Structures are given as C-alpha cells and as structure tokens.
Amino acid sequence: MATDSTKLTANGQGAARAAEPGYTRTAIALHWIAALLIVCNLGLGISMINVPLSPLKLRLFLWHKGIGITVFLTASARLLWRVMHPAPPAVPMPVWQRRAVAATHVTLYVLMFAIPLSGWIYSSATGVSVVYLGIAPLPDLVPKDKALAAVLQAVHGTLNFALLLLVCVHAGAALRHQFAHHDGVLPRMLPFLR
Amino acid sequence: MKMLHSFVPSLAVMLMAASGGAGAQGVLIDRSEIRFVAKQAGGGVEGRFRKWKANVDFRPKDPANSKAAFEIELASIDLASEETETEIGRPAWFDTARFPIAKFESTSVRGLGGDRYEIDGRLSMKGITRDVSVPVALRKDSGGNSVAEGQFTVRRLDYKIGEGMWADTSAIADDVVIRIRMVLPPVQ
C-alpha cells in the first residue's frame, strides 16, 4: 500500500485519486516515533521541575535531555526524508485551512529543532554538560553564564508551551478531519484506519 | 605571614609585594580563579567559588621557602542554579552552617624543573583534613604577572561531601577536579 502510494505521488497522479495517496511507511514511522517522544518529554519536562533535588531528579533530567536530543535527530531524519519524498497532495479544503496547515507544520518542524537546541544551550549556560544517552558527550554551546541561563530557561519553557498548543491544534485538526469531514486525512498517517 | 587578603577583590591588588622578603607576593584575586568540575552521569558540572582569601609567598628560585594558604568561603559557590546552590550548603553536603570555610595550607613546595612545581599541602573541609598534592605550571602573562595554574582531584566522599542518598556515585562521581589559576604581580 505505502509503496504504491509513493509511486502515485512520485508520478504526480496523486491528485486524481485523492483517497489513495498517503505518506511513506518511513515517514509514518518517524512521525509516530517523534509524536511519542514529544508527548513523553513534554510530560517529563513539566513534572520533573517540581521533584525535590535528588539523584532521581538528576536522572529525570538526563532522560529528558536524551529524549530531547533524540527528537532533534528524528526531526533531522524526517526533514531529510521529506525533501526526498514530498508529502502527498492535500485533500480539498478552503484556502485559509491550507495556509493554517502549512503554518502549523512548518512551526512544528521549527520547534522540533529549536526546543532541543534551546535546552542544550540552557544546560551549557548552567555549567552542566550534556552527554547523549550517557555515552556521547556533546560540546558546551556557551560558557557558564547565570544571566543567560535565566533567559534560556524562559525561552525553553515558552517554546514548549507553544509546542504543547500546536500539538493540540495538530491533533485536534486531524480528529476533526476524521470525524467531522470524513475526508481521509487521518488515514494518511494511520493507514489501518482505511 | 604577610596578610590575608580581604574578601573584596579590588583591595587585594593593594596588598602585594610591598613588605617582606624577595618574591613575597599577593594574589590578584579578581583575576584569579578557584573552579571545579564534578561529574554527573559522565557529564561535567562546572562551578566556582566567588569569595576566598589567599596568602601566597611564591619564590620560583627558592621553592622550599615558598608558601601558599587559601581560605574558601563555601557559601560563595557559583553552581548550576539557586536550587543546587542551596542544596550544596545543606548538612549532607558542605554543611556551611557548621563548616563555612575550606582551608588549604601548603606543607612543601618543590620545583619539578622548568616552570613546573608541586605544592603539597593539607586540605580541610567539613572538619576533615587530607593531604593533597597540586602540580602547578607557571607562566608570564603579557602584563608581566606570573600566572600559576594547576589542577588536582579530590574525592568528595573523603570529606563526607554528599552523604546519604547523595553518596551514590552513579549520580555524582566521587572525583571532583579542582582547577586553580592564581595571578601574581611581578616580583619587585
């Protein structure tokens, strides 16, 4: 299925058979891996803040950073894949909706890069080096600087708040297409719904 | 002994070599540093002390008669966040209410050839004193000051720094690297 639809899209015939084209299996897998990681890390990030300082808290921060860097890597892979395998043509919808979709998707991509980066710089500014998965030491992006750390903490938090909102908009829109419009948008990312 | 420098860095500059024998020096505190790097799950955690006093009488040509003493105000720590700075002062860590000062006093200074020296001494923290050995390299900066740089490793658990749940070295390693940089004005 996925292979067929890739071909259709690649041949430029997708629009003629709007119900058929979907994303490639790789794109779908990467999307859901990113979705899972992002939702987990948003939850972890919000809840770990109030854990009293303890070895557990340090461990939660390590996991948070590890997942965050993985989101960054996943986003890089997705972007690369998407350049090589363009998304299937949009289903018919009003222009404003199409614009909103484009803006949401672009912003989501930007945030998937900007949020891990802001977290990494924030950690550097507090003087805490990041070691990816406990094995790959990452360079400190800025020297230890308390004032900068305070700014980056706010930036990291604000970007995550924006991400949380956009994830809700993104998921809400997908559900609306599925249950209000019945226009086959959601099955493109969830083939088993077909 | 000359004098213990004021905690106010700008005053430190005034003290210096005026009195005393050949090579007697003060430390330019505002250009000097006492930093450290701890390891948390393999990653470095950097910090430094803002307030300390130094009494250094360093004689490159006569190391045997050289001396160095430091007093570090532990509550002046600059660490990752306010939360960690508060935590590190608690009884499980430095216990700054009972032990506000860490002290180092040299017992011998040896020349290792060239611009390298080794300072042996006793480091006291939290009521515990241990021998430490600090290798130091000396160089001149563009202003003619002598810059002594060295680093040594202490095991935090030797000093009971990080007790109870914090004794877990998989969270924070036992080894903590202390890095010092002392800027000494030119010998008169």
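The following paragraphs describe a predicted model of two chains, A and B, beginning with confidence and ending with the contact between them.

For the model as a whole, the scores are ipTM 0.79 and pTM 0.83. Chain A has an average pLDDT of 89, and 89% of its residues score at least 70. Some caution is useful at the start of this chain: the pLDDT is below 50 over residues 1–19 of chain A, a stretch with 26 contacts in the model beyond near neighbours in sequence. For chain B the mean pLDDT is 87, with 86% of the residues at 70 or more. Here the stretch with pLDDT below 50 covers residues 1–24 of chain B, and it has 47 contacts in the model beyond near neighbours in sequence. Within chain B, confidence is lowest in helix α1 (residues 9–15), where the mean is 33, and highest in strand β7 (residues 116–125), at 97.

Chain A can be pictured first through its elements. It contains six helices and two strands, and from the N terminus on these run α-α-α-α-β-β-α-α. Of the 194 residues in chain A, 24% are buried. Among the contacts in chain A that link residues at least 6 apart in sequence, 63% join residues at least 24 apart.

Two of the helices in chain A invite a simple check of length. Helix α4(A), residues 95–125, has 31 residues and should span 45 Å at 1.5 Å a residue; the C-alpha atoms at its ends are 43 Å apart, which agrees. Helix α5(A) has 36 residues, and the distance from its first C-alpha to its last is 51 Å, close to the 52 Å expected at 1.5 Å a residue. Each helix is also followed by a residue with a positive phi: G127(A) comes after α4(A), with phi near 90°, and H182(A) lies just after α5(A), with phi of about 50°.

The surroundings of these helices can be followed through their buried residues. In α4(A) the buried residues include L111(A), M112(A), I115(A), W120(A) and Y122(A). The buried residues of α4(A) pack against α2 (25–48), α3 and α5 (146–181) of chain A. In α5(A), the residues A149(A), L152(A), H156(A) and L163(A) are buried, and α4 of chain A is part of what covers the buried residues of α5(A).

Chain B brings a sheet into the picture. Ten strands of chain B form an open sheet with antiparallel pairing, in the order β3-β4-β6-β7-β8-β9-β10-β1-β2-β5. Strands β3 (52–57) and β5 (77–78) of chain B stand at the edges with a single partner strand each, so one side of each is left without a neighbour in the sheet. Strands of a sheet pair through backbone hydrogen bonds, either parallel or antiparallel.

Several pairings can be traced residue by residue. Strand β9(B), residues 146–155, pairs with β10(B) in the antiparallel sense over 10 bridges, and the bridge partner of Q151(B) is R179(B) in β10(B). Strand β10(B), residues 172–184, also pairs with β1(B), residues 33–40, in the antiparallel sense over seven bridges; along this pairing, V37(B) stands opposite V177(B). At one edge, two bridges join β2(B), residues 43–49, to β5(B), and these strands run antiparallel. There, R48(B) has D78(B) of β5(B) as its bridge partner.

Buried nonpolar residues gather into cores. In soluble globular proteins, nonpolar side chains tend to be buried together. The largest nonpolar core in the model has 41 residues, and those with the most contacts inside it are V27(B), A54(B), V56(B), M182(B) and L184(B). Elements giving two or more residues to this core are β1, β3, β4 (67–73), β6 (101–113), β7, β8 (128–140) and β10 of chain B. Strand β10(B) gives the most to this core, with six residues. Apart from this core lies another, of eight residues, including I38(A), I67(A), A75(A) and I115(A). One of these, I115(A), is also among the buried residues of α4(A).

Finally, the two chains meet. The contact between chains A and B takes 14 residues from chain A and 17 residues from chain B. On the side of chain A that touches chain B, helix α3(A), residues 55–84, gives the most, with three residues. By class, this side of chain A has eight nonpolar, five polar and one charged residues.

Note on methods:
Residues are numbered from 1 along each chain as its sequence is written. Chains are lettered from A and ligands numbered from 1 in the order in which they are written. This is a predicted model: local features need pLDDT of at least 70, side-chain atom pairs count only at pLDDT 80 or more; totals for chains, interfaces and linings use all residues. Two residues are in contact if their C-beta atoms, placed from the backbone, lie within 7 Å. Helices (H or I, at least four residues) and strands (E, at least two) are DSSP runs, numbered from the N terminus. Ala, Val, Leu, Ile, Met, Phe, Trp, Tyr, Cys and Pro count as nonpolar, Asp, Glu, Lys and Arg as charged, and the others, Gly among them, as polar. The expected span of a helix is 1.5 Å times one less than its number of residues. A residue is buried if 20 or more other C-beta atoms lie within 10 Å of its own, exposed if 12 or fewer, and partly exposed in between; C-beta atoms are placed from the backbone. Two strands pair if DSSP finds at least two bridges between them. pLDDT is the predictor's confidence in each residue, from 0 to 100. A nonpolar core is a set of buried Ala, Val, Leu, Ile, Met, Phe, Trp, Tyr and Cys residues joined through C-beta atoms within 7 Å.
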